[in-house]
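Visitor: I should like to understand how the terms used for a protein structure are justified. Would you take me through the reasoning behind them?

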Amino acid sequence: MKTSDHNESYLYAFFCKLQSNGFGLGIEEYKLLLQALREGGEVRNKKDLKSLCKLLWLKSEMDEPIFNNQFKLSFAALPFELTPKTIKKETGDDPDAKISADESEPLNPELERKSQRKPSEQKVKNQSDKPTSSEELQTNSPASAVRMELDNFAERAQDYEEEGLKFFMLEKNMLPLAPQNLHAAWRRFNVGYGSALTKQIDIPLTIRNIGRRGFFMQAEYRRKKNRNQLLALIDRDGSMIAFHEFAETLLESARSVLSRNRVERYYFRNAPSGRFVFKDIFQLKTYPVDQMLAHNTGTDTVLLIISDGGAARGRFDTSRIEQTTAFLKKARQGISRMVWVNPMPRKRWRRTSAGVIARYIDMYEASEEEFGLAIRQLKR
Amino acid sequence: MAEILTYSGRRLTQKLQLPDGTELKPYLPDQRLREAVNLAIILGKPLLIKGEPGCGKTKLAVSVAFELFERQLLGGDIRLEDVYFEWHVKSSSKAVEGLYRYDYIERLQHAQLNQIDAAIKMKPEIEYVKKGPLGLAFEQTHTLNQRVVVLIDEIDKADPDFPNDLLRELDELKYTIEEVSDPALREQSANLKKPPIVFITSNDQKALPPAFLRRCLFYHIDFPKEDKLRDILVAHFRESNQKESLIADLAAKIYKTRIRMEREKEEREKKISTSELIDWCEILLRHDEEKILELLSGELPYAAVLFKNKEDFRFSKAHLSE
């Protein structure tokens, strides 16, 4: 089967799109779909094909909107009713079948344009894929690589426009820290300590074992468990507006992986003051800082602060720095492990309040790698 | 050429009692669920089913087992427990429990008794192994040379690592009994030509690990559409001597209530489920038709069966509007 056939297959294009959107799909899953197409039930139209793909490739409700959108875009040029020939071409059983303009039955010139554009739109991830006949890709020169990216972007933008979308929707999966990465990070935080034991004797369990065996054999020790409470403090003022969604996503992820009652959240504006924080996102219900800290110490609580620290607007504000460091000093009395996650990239922290604050607390940017380090630091 | 097993979902349309005493209730899956089941059977992958509590996730597996072995079950040749294995996962569950349990106590007892009285012998190692649902299912695929059905219920209740501990067992259909030293007996596997058909349910309380999800097909059961709901209720209450038109009317009213709840409540909040509806109908249909219509002309009667918290009672009038 020639690789160029794969390039022209809509199914493969769709598969690649899903991959680049963070669906953890491998070649096994692609082969599985081909097998299902060959052996499974009838796939008469796009709806059937979509349910089939969903069954095999969609693993969570969360990803459904992206899945639907990508399916719509990838298969827009295919006719509604799928002929056996189209299916054969997709599964590669008929290697000589090439997609021709007649087969895709362009209903109007616009669709025809789309069907010719589609092959070039996929992200060419592995080097062995041959370029399509319509474009000669010279990836050696950076200029042409940039040009290709721009072309891709222009096509995609045009797609959105044609689909009737007048504005761009930032979806959770497009963030550098997508829900999947967040979940994975929190899971690593939550991971138990295997069968490690603490030095405390688990008295009820020991007694139960004595009863079961009829005699005393050994003392049972308590299993080491991760009982950490997460205290999250989120900056929710003007400069953080762009990052509200991100902060909420991060929190939701923590709450679903750790259980809800292990995560407490509070909000502040600009800088965590020494006196009050807010319990709600509209910042109407105040809560005394002292109470928040007292409530949480002693039970192995860890603190996570999410804020740009002035880096978003590039400000250097001494009063903000002072307020923040005073708060940190107070917090450190009761809480041993704390990290700061800054949605702005590290290179933007220089010469802003954030740069100074980063000297008082470990500050991490919101990338997959650094967030992983932050989590590792919170856990011990 | 092996026969191809297919599930039509149309065999369990009324209450049934099997010769071994088990009672089965009607189960009417929708078309896409049927296709999902058949695909799982063909591809040999487990089917992961999610959905609201009470939507019928758990009942699917037994309905598949019934259909695949219908003739033998009704004829009394086999019992349901020979071909259908349920594993209800708890928060304390460990993966190994579904496979086997080594009875240390019994072994210790025998060892001690043997010292006192040499006539009391110890059993061979393997006999202290008590197999769990998955282990038994593997065994049965050899004994019967058939594809049996396994249900792993509420897998998300256990530790987050739990599903990952089952990867090898689900993929290769093999497991090792650590406590047994005989290499021939340690390694247990299912009949690879007749692998068990595995159903896994999850309430979505916790995120499941990606390595595990990759190996499963995934299906979400939605609340049935109005005509499906009517069919389900009719099937359940065929013997109740009530007119079908009355049951259809009930379905329509409840469907309105459900739609209203979907509109006004958050996605994660509880709404009336299929199983609650069936319970509710069961009570309501004990009255005669006149009384039923009278009861329905006001607020929903027996609301406590449908609504489980105070705020939801505001929906008890939804069926009257529009």
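Guide: Let us begin with chain A, which has 15 helices and 9 strands. Please keep in mind that this is a predicted model. Of the 380 residues of chain A, 47% count as buried.

Visitor: Why is Thr324(A) called buried?

Guide: A residue is called buried when its relative accessible area is under 20%. Thr324(A) has a relative accessible area of 1%, and therefore it counts as buried. This residue belongs to helix 13 of chain A, which covers residues 318–334.

Visitor: Which residues is Thr324(A) in contact with, leaving aside its neighbours within four places in sequence?

Guide: They are Ala271(A), Pro272(A), Trp340(A) and Ile357(A). As for chain A as a whole, among contacts between residues at least 6 apart in sequence, 69% join residues at least 24 apart.

Visitor: What makes helix 9 of chain A oblique to helix 11 of chain A?

Guide: Helix 9 (residues 179–190) and helix 11 (residues 244–257) of chain A pack at an angle of about 45 degrees, and their axes are 9 Å apart. Angles under 35 degrees count as roughly parallel, and 65 to 115 as roughly perpendicular. The angle of about 45 degrees falls in neither range, so helix 9 of chain A is oblique to helix 11 of chain A. Their crossing is right-handed. Among the residues that make this contact are Leu182(A) and Trp186(A) of helix 9 of chain A, and Leu250(A) and Val257(A) of helix 11 of chain A. By class, the contact has 6 nonpolar, 5 polar and 1 charged residues.

Visitor: Why are helix 3 of chain A and helix 1 of chain B called roughly perpendicular?

Guide: The axes of helix 3 (residues 27–39) of chain A and helix 1 (residues 31–43) of chain B cross at roughly 110 degrees and come within 11 Å. Roughly perpendicular covers 65 to 115 degrees, and therefore the term applies to these two helices. The contact is made by Leu32(A), Gln35(A), Ala36(A) and Glu39(A) on one side and Leu39(B), Ile42(B) and Leu43(B) on the other. These comprise 5 nonpolar, 1 polar and 1 charged residues.

Visitor: How much area do chain A and chain B bury between them?

Guide: The size of an interface is often given as the accessible area lost when the parts come together. Here the two chains bury about 2200 Å², 61% of it on carbon and sulfur atoms. In chain A, Leu55(A), Lys59(A) and Arg187(A) lose the most area to chain B, together 30% of what that side buries. The contact takes 26 residues from chain A and 26 residues from chain B.

Key
Residues numbered from 1 in each chain as written. Chains lettered and ligands numbered in written order. Predicted model: local features only at pLDDT ≥ 70, side-chain atom pairs only at ≥ 80, totals over all residues. Heavy atoms only, no water. Helix = DSSP H or I, 4+ residues; strand = E, 2+ residues; numbered from the N terminus. Buried < 20%, exposed > 50% of the residue type's maximum accessible area, 1.4 Å probe, protein only. Contact = heavy atoms within 4.5 Å. Axes fitted to C-alpha atoms, helices over the stretch in contact; angles between N-to-C directions. Parallel < 35°, antiparallel > 145°, perpendicular 65-115°, else oblique. Left-handed = near helix turned anticlockwise from the far one by under 90°. Nonpolar A, V, L, I, M, F, W, Y, C, P; charged D, E, K, R; others polar. Buried area = accessible area lost by both parts, 1.4 Å probe.
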